[in-house]
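Me: I'm new to protein structures and I'd like a close look at one part of this one. Please put it in front of us first.

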Amino acid sequence: MNEKLTNYLNEVFAAYEGVRSVSELKADLHSDLQERYRELKAEGKDDETALEMTIDSIGDIEQTVLEVANLSRSLERQVLTNLSASNLAESDFAGVTAHKGKFISSTLRGSDFTNADLTGSSFKSSDVKDARFDGANLTDCSLTTLDLANASFNESALVRTNFSKSWLAGATFTGVHLTDVNLTMTALTKTVFENCVFDGVDFTSSDLTGQRFDGQIFIGVKFDRAGLKEVSFKGATLKNVSFQGSLLSKKYYRAIKTICFDGATMDKLTFAALKGMDADLSKVTVI
């Protein structure tokens, strides 16, 4: 009868051979089932009844094994995505899933992350020049203190993504909805933004000199203490946007006067704040 129990377990666990945690579960369960079978036999149950009652005692074991296997494989994938301090220039990561992956202090120049799911991953202090993140999910990712020159983020998912203190010269953001993205203390004079929606984005203390945001949408965005000389918001929509400078410096307020708001649409509070800083709002529509 022990052989029948063994055969039963072998059938249930056959699809998960090689998954360490599942193998450990199988060994423990086999021992427990043998003990339960012996107890039932001691109570006077015949072989077939004792076997049936033993198997029934473990409930839906197939569902339990599936859950253990999925958890184990998920943890194994997370271990495999620790690629810190690695030379991975021009690597192909297109379409991969790497939640909470670590790419810290690595060389990733020219690598392809197109359509990858990189949720929660960290790329701190790495060389990511010319990398492609088009269509990638970068939710909760940390891309701080990076060289992202000429990287592309076209139609990527940027939610709570942190680009603070990174180099983004020549980087492109086309057709992107940036939500609660941190772009503070970053040089963005040569970064390209086209057809974007900026929702809760923070540009505090970043250099945006000469940047063109024509026709784009800004909701709850902060441009506090940012470099805004000759920035263009032609035809843009601004709602609840913050422009606050340092009380100790007149440079910020001089820059506000050079911004082009021709054809822009903005709410009354944003309009009032800019009017108080002598911005040229003569061709603005107030909503």
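Next comes my request, followed by one long answer.

Which residues does S122, in the loop between α4 (61-80) and β1, contact once its neighbours within four places in sequence are set aside? And is S122 buried or exposed?

Reply: Happy to, with a bit of housekeeping before we zoom in. This is a predicted model, where local features need pLDDT of at least 70 and side-chain atom pairs count only at pLDDT 80 or more, while totals for chains, interfaces and linings use all residues. Residues are numbered from 1 along each chain as its sequence is written, and side-chain values use heavy atoms, with hydrogens and water left out.

Now the overall picture. The protein chain has six helices and nine strands; these are DSSP runs numbered from the N terminus, with helices being H or I over at least four residues and strands being E over at least two. Of its 287 residues, 40% count as buried. Buried means under 20% relative accessible area, exposed means over 50%, and partly exposed is in between (1.4 Å probe, protein chains only).

On to your loop, the one between α4 and β1. S122 sits there, and S122 counts as buried because its relative accessibility is 13%. Setting aside neighbours within four places in sequence, S122 is in contact with G101, K102, F103, I104 and S142. Contact here means heavy atoms within 4.5 Å.

A116 belongs to that loop between α4 and β1 too. With a relative accessible area of 1%, A116 is buried. Its touching partners, not counting residues up to four places away in sequence, are F93, G95, V96, A136 and N137. A116 and T97 are 19 residues apart along the chain, and their C-alpha atoms are separated by 5.9 Å.

So far the loop residues have been buried ones, but two others in the loop face outwards in the accessibility count. N115, found in the loop between α4 and β1, counts as exposed at 53% relative accessibility. E90, placed in that loop as well, is exposed with a relative accessible area of 66%. Both have a backbone quirk: E90 has a positive phi of about 60° although it is not a glycine, and N115 has a phi near 60°, again a positive value in a residue other than glycine.

Where does the loop lead? It runs up to β1, and β1 belongs to an open sheet of seven strands, in the order β1-β3-β5-β6-β7-β8-β9, with parallel pairing. β1 (158-159) and β9 (285-286) stand at the edges with a single partner strand each, so one side of each is left without a neighbour in the sheet. As for pairing, two strands pair if DSSP finds at least two bridges between them. Inside the sheet, β6 (residues 217-219) and β7 (residues 237-239) pair in the parallel sense over three bridges, and F218 has L238 in β7 as its bridge partner.

At the other edge of the sheet, T285 is found in β9. T285 counts as partly exposed, at 44% relative accessibility. Apart from neighbours within four places in sequence, T285 is in contact with A264, T265 and M266. T285 and D267 are 18 residues apart in sequence, with 8.6 Å from C-alpha to C-alpha.

M266 also shows up next to a helix. F271 is found in helix α6 (residues 268-275), and F271 touches M266, L281, V284 and V286, not counting residues up to four places away in sequence. V286 falls in the β9 range, 285-286, which gives a link from α6 back to the sheet edge. The C-alpha atoms of F271 and V241, 30 residues apart along the chain, are separated by 9.3 Å.

To finish where we began: in your loop, S122 and A116 are buried, whereas E90 and N115 are exposed.
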